[in-house]
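Please find below a colleague's note on the structure under discussion. The points are numbered for ease of reference.

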Amino acid sequence: MHLGDWEKIRSKILYSFLLFVVSLAVGILAAVVVEHCAQTRQRETQIENAHTDYKAASASGGKQSDELTKKVALTFDDGPNPDYTPVLLDELKKRGVPATFFVLGTEVEQYPKLVRRASEEGHLIGVHSYKHVNLRQLSDQQAVEQVNRTNEAIHAACGQYASYIRPPYGCWKEDLDYEVQMVEVLWDIDPRDWATTSADLVVQRVLQDVEENSIILLHDASESSVRAACMIIDRLQAQGYTFVTVEELLME
């Protein structure tokens, strides 16, 4: 056999070997890629399933949490009243419910201990006015005096100034916002408890309109109003509502 023939044979053998090595490498690489892809997809599926389970659990838990933390605020105007405010404070304490009291300066000066007690028991104290007057019918100076005298009486009673005001009849003088620098708080539900002695009627009026974040207007000036407040608390707590001060409601 000639030398040239041996060269041809060796070249074929070498070519075949190289082809085998390349094929083997490609096969191994392909297998590795397929396995990697399969593992990646498996991890992605696990992550997707976990995320789906988490969202479902969160949705369920969130719904339940929302139902349990629907917030409303009970507010009481015109006090403190020596006959009915102590009874109301007892009932609020018994139920663990905070409220907001918009007080009259004349009443605070007469019954400072009631204001101090309400503040110490976690209730928010706000300004109503010094006397129950329509601030819009007063001069700016007179209106400011109504607010400041009441706030000074509150400070003397419980050691702190009020930051919130509910003007009588909801009549505020907008041009006084800068001068008195207080947050005006009105209401969502007014059951006109001052105009009836029927606690059941007051409760009915509140329950038919209440929703989350409602601010309820009441007065701590009669036996029927106090009784209605207790019934409202019991009914709404049974429906999953939580009672907070107006500050907690407005600052969320």
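The points that follow take up the overall fold, the salt bridges and a surface patch.

1. The model is a predicted one. Its chain comprises nine helices together with seven strands. Of the 252 residues, 38% count as buried.

2. Contacts across the sequence deserve a remark. Among contacts in the chain with a separation of 6 or more, 77% are between residues 24 or more positions apart. The accessible surface of the chain amounts to about 14,800 Å². Carbon and sulfur atoms contribute 54% of that surface.

3. How many salt bridges does the structure hold? The number is eight. As general background, side chains of opposite charge can pair when their charged atoms come close.

4. One of these salt bridges joins the side chains of Arg-95 and Asp-234, with an N to O distance of 2.8 Å. Arg-95 belongs to helix H2 (residues 85-95) and Asp-234 to helix H8 (residues 223-238), so the pair ties together parts that are 139 residues apart in sequence. Arg-95 counts as partly exposed because its relative accessibility is 22%, a value above the 20% under which a residue is called buried. Asp-234 is likewise partly exposed, at a relative accessible area of 38%.

5. Arg-95 and Asp-234 also take part in a network of salt bridges, in which they are linked with Glu-91 and Lys-94. The pairing described in the preceding point should therefore be read together with this network of Glu-91, Lys-94, Arg-95 and Asp-234.

6. Helix H8 also contains both Glu-223 and Arg-227, which are four residues apart, about one turn of the helix. These two residues form a salt bridge whose closest N and O atoms are 3.0 Å apart. Glu-223 is partly exposed, with a relative accessible area of 43%, and Arg-227 is partly exposed at 37% relative accessibility.

7. A further salt bridge is formed by the side chains of Arg-117 and Glu-121, at 2.8 Å from N to O. Glu-121 is partly exposed, its relative accessible area being 29%.

8. Which residues form the nonpolar patch on the surface? They are Val-183, Leu-250 and Met-251, and together they present about 270 Å² of accessible area. Leu-250 is located in helix H9 (residues 246-250). With 39% relative accessibility, Leu-250 counts as partly exposed; this value satisfies the requirement of over 30% relative accessible area for membership of a patch.

How values were computed. Residues numbered from 1 in each chain as written. Predicted model: local features only at pLDDT ≥ 70, side-chain atom pairs only at ≥ 80, totals over all residues. Heavy atoms only, no water. Patch = residues over 30% accessible without salt bridge, like charges linked within 9 Å, V, L, I, M, F, W, Y side chains within 5 Å. Areas by Shrake-Rupley, 256 points an atom, 1.4 Å probe, with all protein chains shown as cover. Salt bridge = Lys/Arg side-chain N within 4 Å of Asp/Glu carboxyl O. Helix = DSSP H or I, 4+ residues; strand = E, 2+ residues; numbered from the N terminus. Buried < 20%, exposed > 50% of the residue type's maximum accessible area, 1.4 Å probe, protein only. Contact = heavy atoms within 4.5 Å.
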